[in-house]
Amino acid sequence: MTILQLPEQAGAEPVSQTIDAAARRRVSGPALRTFLIIADRYGIAPQDHVALLGEPSASTYRKWVRKAQAKEPLALPLDTLTRISAILGIHKALGILFPNDAEAMIWLTGPHRGDVFGGQAPLETMLEGGFDGILTVRRYLDGWRSGLRGGPGEGAHFEPVREMDLVFK
């Protein structure tokens, strides 16, 4: 499969990049192991892993996990790898926005007043919305990190991130 990689400089042309089976094999095991660690860290139920990964059959999911944990060769579908990549981005954003895992869990699993969530928990949006739901949460957090969106809303047990809260190293 060929995708376009965005250029580093504005105005430059995108560069085509090939994602072949060898590239997928190289990253699939580490990606799935990392996904499982993150899912465990946030208390995501095992049956929800399948929904987040794109609804592989139960036997396929078990085979993937077994191979990943045994560090055997594994080539996940590009769709699954893209979903894992978005979830890694969500995890990174939660780590930046919240000082501890408990607050990140509250945000991820509690009802939310953000326009895109309509009272639903962001995790529910991810589970019910498929890949688009995962990207919605990712984009929301990326927007919040950059100051384009508000925080958790009224009545939350934590304050939204303010400009003075950001630390650059």
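In this predicted model, residue E55 is placed in the loop that lies between helix α2 (46–52) and helix α3 (58–70). The backbone of E55 has a positive phi of about 65°, although this residue is not a glycine. With a relative accessibility of 57%, E55 counts as exposed, because the cut-off for that class is over 50%. A comparable description applies to K71, which is found in the loop between α3 and α4 (78–97). The phi of K71 is near 60°, again a positive value in a residue other than glycine, and K71 counts as exposed at 65% relative accessibility.

The overall arrangement gives these two loops their setting. The protein chain holds 7 helices and 2 strands, and from the N terminus on its elements run in the order β-β-α-α-α-α-α-α-α. Of the 169 residues of the protein chain, 36% count as buried. Among the contacts in the protein chain with a separation of 6 or more, 53% are accounted for by residues 24 or more positions apart.

Two of the helices, α4 and α7, pack against each other at an angle of about 30°, and their axes are 9 Å apart. This angle makes α4 roughly parallel to α7, because angles under 35 degrees are assigned to that class. The crossing in which α4 passes α7 is left-handed. On the side of α4, the residues that take part include I87, I90, A93, L94 and L97, and on the side of α7 they include F131, I134, L135, V137 and L141. Sorted by class, the contact of α4 with α7 has 13 nonpolar, 4 polar and 4 charged residues. Among the charged participants are R83 in α4 and R138, D142 and R145 in α7.

Several residues of this contact are also touched by M126, whose place is in helix α6 (residues 122–128). M126 counts as buried, because its relative accessibility is 3% and the limit for burial is under 20%. When residues up to four places away in sequence are not counted, M126 touches L52, I87, I90, L108, G133, I134 and V137. Of these, I87 and I90 belong to the α4 side of the helix contact, while I134 and V137 belong to the α7 side. M126 and R138 are 12 residues apart in sequence, and the distance between them in space is 9.4 Å from C-alpha to C-alpha.

Aromatic side chains form a further group of contacts, and the structure holds 6 aromatic pairs. One of these joins F98 and W107 in a tilted pair, with 6.4 Å from centre to centre and 40° between the planes. Both partners are on the buried side of the limit, since F98 has a relative accessibility of 5% and W107 has a relative accessible area of 2%. W107 also pairs with Y140, and this pair is stacked, with 6.1 Å from centre to centre and 25° between the planes. Because W107 lies in helix α5 (residues 101–109) and Y140 lies in helix α7 (residues 130–145), the pair ties together parts that are 33 residues apart in sequence. W107 and Y140 are both buried. F98, W107 and Y140 are joined by F117 and W144 in one aromatic cluster. W144 is, in addition, one of the residues of α7 that meet α4.

Technical notes: Residues numbered from 1 in each chain as written. Predicted model: local features only at pLDDT ≥ 70, side-chain atom pairs only at ≥ 80, totals over all residues. Heavy atoms only, no water. Helix = DSSP H or I, 4+ residues; strand = E, 2+ residues; numbered from the N terminus. Buried < 20%, exposed > 50% of the residue type's maximum accessible area, 1.4 Å probe, protein only. Phe/Tyr/Trp six-rings, centres within 6.5 Å; stacked < 30°, edge-to-face > 60°. Axes fitted to C-alpha atoms, helices over the stretch in contact; angles between N-to-C directions. Parallel < 35°, antiparallel > 145°, perpendicular 65-115°, else oblique. Left-handed = near helix turned anticlockwise from the far one by under 90°. Contact = heavy atoms within 4.5 Å. Nonpolar A, V, L, I, M, F, W, Y, C, P; charged D, E, K, R; others polar.
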